[in-house]
Amino acid sequence: MNELIRLENIHKTYHLGEIDLPVLKGVSLAIARGELVALMGASGSGKSTLMNILGCLDHPTSGGYWLDNLDISQYGAKERARLRNRFLGFVFQSFNLLPRMTALENVLMPLDYSREHLTEAQSHDRARSMLAKVGLAGRHDHQPSQLSGGEQQRVAIARSLINQPQVLFADEPTGNLDSRTSEEILEMFEQLNRDDGITIILVTHDPGVARHARRTIHMKDGLLQEPGGAP
Ligand code: ADP
Ligand code: MG
């Protein structure tokens, strides 16, 4: 297999004053390039903590992490940020759009932090094509408050794609959406995985969401329930 992600014996312990709170208790996992994986478990099982480590938003207390054969566990905050901008995209339950900005401006945002130096015309072209890809070609100038929840999440997806990531992390991406809109958003992830070959990790507590993935990794109390080797 073409391995993209490997975790070995990852631990994460939060320290709250005098108290140690172990949240990840030895997670090992491999994900191949091009997979669409659901990371499923009850609330509090450690999914977001694991996703934050996978997404280089946080670092483990101990254990090994290789992303595209790079040893990430040794990276500092700055190196992780650079890697995120180049390789990774994120979609969250709460959309996290900037309220006073248009859809187009929101989608353009991550380019400011990218090492690619596009001209303004190139940036705008790319942002427009991302909005078209998520079915929002006619909504460039709308602010978030002028868009439905599903449309806002589409803008967030377009934003997550602007730096052409290899991996997309989606943490409860349909948590604030009605069931029909959820289906549309999940079909969009399936399409991005199928047509563009983006590796997608879908974090959810909902078996109905996990059904859209081709593999489900079950998490309970900070551990994966089955060996997490890639298929
Ligand atoms: P899930 O996403 O599966 O609901 P989380 O990874 O968010 O689970 O949380 C797992 C556990 O870790 C919870 O008990 C939560 O309270 C705790 N936790 C998460 N983030 C922090 C943090 N930054 N500091 C302290 N405890 C945390
Ligand atoms: Mg969570």
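How many bridges join β3 to strand β8 (residues 199-204)? Five bridges join these two strands, and they run parallel. Strands here are DSSP runs of E with at least two residues, while helices are runs of H or I with at least four residues, and both are numbered from the N terminus. Two strands count as paired if DSSP finds at least two bridges between them.

This is a predicted model, in which local features need pLDDT of at least 70 and side-chain atom pairs count only at pLDDT 80 or more, while totals for chains, interfaces and linings use all residues. Residues are numbered from 1 along each chain as its sequence is written, chains are lettered from A and ligands numbered from 1 in the order in which they are written, and side-chain values use heavy atoms, with hydrogens and water left out.

## The sheet

Strands of a sheet pair through backbone hydrogen bonds, either parallel or antiparallel. In this model, six strands form an open sheet with mixed pairing, in the order β6-β7-β8-β3-β9-β10. The edges are taken by β6 and β10 (223-224); each has a single partner strand, so one side of each is left without a neighbour in the sheet.

Strand β3 (residues 36-41) has β8 on one side and β9 on the other in the strand order. Within the pairing with β8, Val-37 stands opposite Ile-201. Strand β9 (residues 215-220) is also joined to β3 by five bridges, and the two run parallel. There, Gly-41 has Met-219 of β9 as its bridge partner.

Are the residues of β3 buried or exposed? Six of its six residues are buried, so the strand is mostly covered. Buried means under 20% relative accessible area, exposed means over 50%, and partly exposed lies in between (1.4 Å probe, protein chains only). Leu-36, Ala-38 and Met-40 point one way from β3, whereas Val-37, Leu-39 and Gly-41 point the other way. Residues on both sides of the strand are buried.

At the β6 end of the strand order, five bridges join β6 to β7, and these strands run parallel. Leu-88 has Val-167 in β7 as its bridge partner.

## Aromatic rings

Rings of Phe, Tyr and Trp (its six-membered ring) pair if their centres lie within 6.5 Å; planes under 30 degrees apart count as stacked, over 60 as edge-to-face and the rest as tilted. The count by this rule is two aromatic pairs. One is the stacked pair of Phe-90 and Phe-92, with 6.1 Å centre to centre and 0 degrees between the planes. Phe-90 also forms a stacked pair with Phe-169, at 5.6 Å centre to centre and 20 degrees between the planes. This second pair links distant parts of the chain: Phe-90 lies in strand β6 (residues 88-92) and Phe-169 in strand β7 (residues 167-171), 79 residues apart.

Phe-90 and Phe-169 are both buried. Phe-90 has a relative accessibility of 15%, and Phe-92, at 24%, counts as partly exposed. Ring pairs link Phe-90, Phe-92 and Phe-169 into a cluster.

## Salt bridges

Side chains of opposite charge can pair when their charged atoms come close. A salt bridge is a side-chain nitrogen of Lys or Arg within 4 Å of a carboxyl oxygen of Asp or Glu. The whole structure holds 11 salt bridges, including those in the table.

| Salt bridge | N to O distance |
|---|---|
| Arg-6 and Glu-8 | 3.6 Å |
| Arg-154 and Glu-184 | 3.2 Å |
| Arg-180 and Glu-184 | 3.5 Å |

The pair of Arg-154 and Glu-184 links distant parts of the chain: Arg-154 is in helix α5 (residues 149-161) and Glu-184 in helix α6 (residues 179-196), 30 residues apart. Arg-154 is buried, with a relative accessible area of 16%, whereas Glu-184 is partly exposed at 30%.

Arg-180 and Glu-184 are four residues apart in helix α6, so about one helical turn separates them. Arg-180 is exposed, with a relative accessible area of 64%. Elsewhere, salt bridges that share partners join Glu-3, Arg-6 and Glu-8 into one network. In that network, Arg-6 is partly exposed at 28%, and Glu-8 is partly exposed at 35%.
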